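Work through the exercises below with the model at hand. Each task is followed by a stepwise solution.

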Amino acid sequence: MSMVEIFDNIRKLYQFKLPCPELAAHIEFFSETSPEAMRHYVGEAPFTVKMFPSYTPTIWLNLGTPYHLKQGDQVHLVDEDTDVLLLRSAIVERRNLPTDNIFTVKFNPGGFEAIFGIPQRKIGAAVINVNEVIPDTLLHKLKRLDNFDSRMRLLESFLLDKLLHNRERLHYLQCVQDTIEAFCASGMQLNNYELASRQYMTEKTFYRYFTQVIGASPKHFFATMRARTALTDYITHKTAFSPAAYGYYDMSHFYKDVVRFTGRRITTAGL
């Protein structure tokens, strides 16, 4: 069985919870594999989940069996005692057994730096062991807990403490987060000059801040964000979809961007 993000509803395999208000600006969600959903949708067969780039630092705590993780051309075996952090700067595939069980923390762009003080550009294309940022003692305690809610509450407490100790709110981090919000609010049409002007800085400074925080150029990141968001809307609401709402000239422009982003073609007749 093979599932592909956006084209397939991979979220149906997991249970989700939003972070507390204090962390909401920095963390998109917590999630954990749902055993009931796995039995219903996956059964006894191995399966693969493919995810497209997002530049959202993501922690995967392994609560189940080993799995293979492919990022770009690199394939890693993640055993049952290993937990990973990755930036999701390239296409990622998890090749899982039916006994797969993953606890996820997905950060907003810049959120990992706000909490840990580590720019996500330093993660780059690496797959990092989570014990470099979360103590082994806490990781073991999280895995010994018997439910999603308990794990989330314990990890939230740790992350809140990290956020409080990392109180220095860097100006460039706030500028980048504000420009991402402005880009989305504009219908994903503002260019670099317009975004920089709204923050009262030059394009050169804007570019430097952005690559420092995100680990990619503004052009590349915004193209990725636009393609992800537009394709998700298209899959969900085909008949009402408007390419202009995402800054595309027409459907042809949108189709070409989907191929660039996913490697798959779509047509008006379907996928």
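Two strands count as paired if DSSP finds at least two bridges between them. The model used here is predicted.

**Exercise 1.** Determine the strand order of the open sheet of five strands, and state which strands form its edges.

Solution.
- Step 1: Following the pairings across this open sheet gives the order 1-4-9-6-7.
- Step 2: The pairing in the sheet is mixed.
- Step 3: Strand 1 (2-4) and strand 7 (74-78) each pair on one side only, which makes them the edge strands.
- Step 4: From one strand to the next, the twist averages 15 degrees.

**Exercise 2.** Describe how strand 4 is joined to strand 9: parallel or antiparallel, and by how many bridges?

Solution.
- Step 1: Strand 4 covers residues 47-51 and strand 9 covers residues 92-96.
- Step 2: The two run antiparallel, with five bridges between them.
- Step 3: Across this pair, K50 stands opposite E93 in strand 9.

**Exercise 3.** Decide how the chain compares in compactness with a globular protein of its length.

Solution.
- Step 1: Count the elements: the chain has nine helices and eleven strands.
- Step 2: The globule rule gives 18 Å for 271 residues, and the radius of gyration is 19 Å, close to that value, so the chain is as compact as a globular protein of that length.
- Step 3: The C-alpha trace spans about 50 × 50 × 35 Å along its principal axes.

**Exercise 4.** What percentage of the residues is buried, taking buried as under 20% relative accessible area?

Solution.
- Step 1: Under this cut-off, 51% of the 271 residues are buried.
- Step 2: The accessible surface of the chain is about 13300 Å², and carbon and sulfur atoms hold 51% of that surface.

Notes: Residues are numbered from 1 along each chain as its sequence is written. This is a predicted model: local features need pLDDT of at least 70, side-chain atom pairs count only at pLDDT 80 or more; totals for chains, interfaces and linings use all residues. Side-chain values use heavy atoms; hydrogens and water are left out. Helices (H or I, at least four residues) and strands (E, at least two) are DSSP runs, numbered from the N terminus. Axes are lines fitted to C-alpha atoms, for helices over the stretch in contact, and angles run from 0 to 180 degrees between N-to-C directions. The radius of gyration is taken over C-alpha atoms; the globule rule is 2.2 Å times the number of residues to the power 0.38. Buried means under 20% relative accessible area, exposed over 50%, partly exposed in between (1.4 Å probe, protein chains only). Accessible areas come from the Shrake-Rupley method with a 1.4 Å probe; for residues, only the protein chains shown count as cover.
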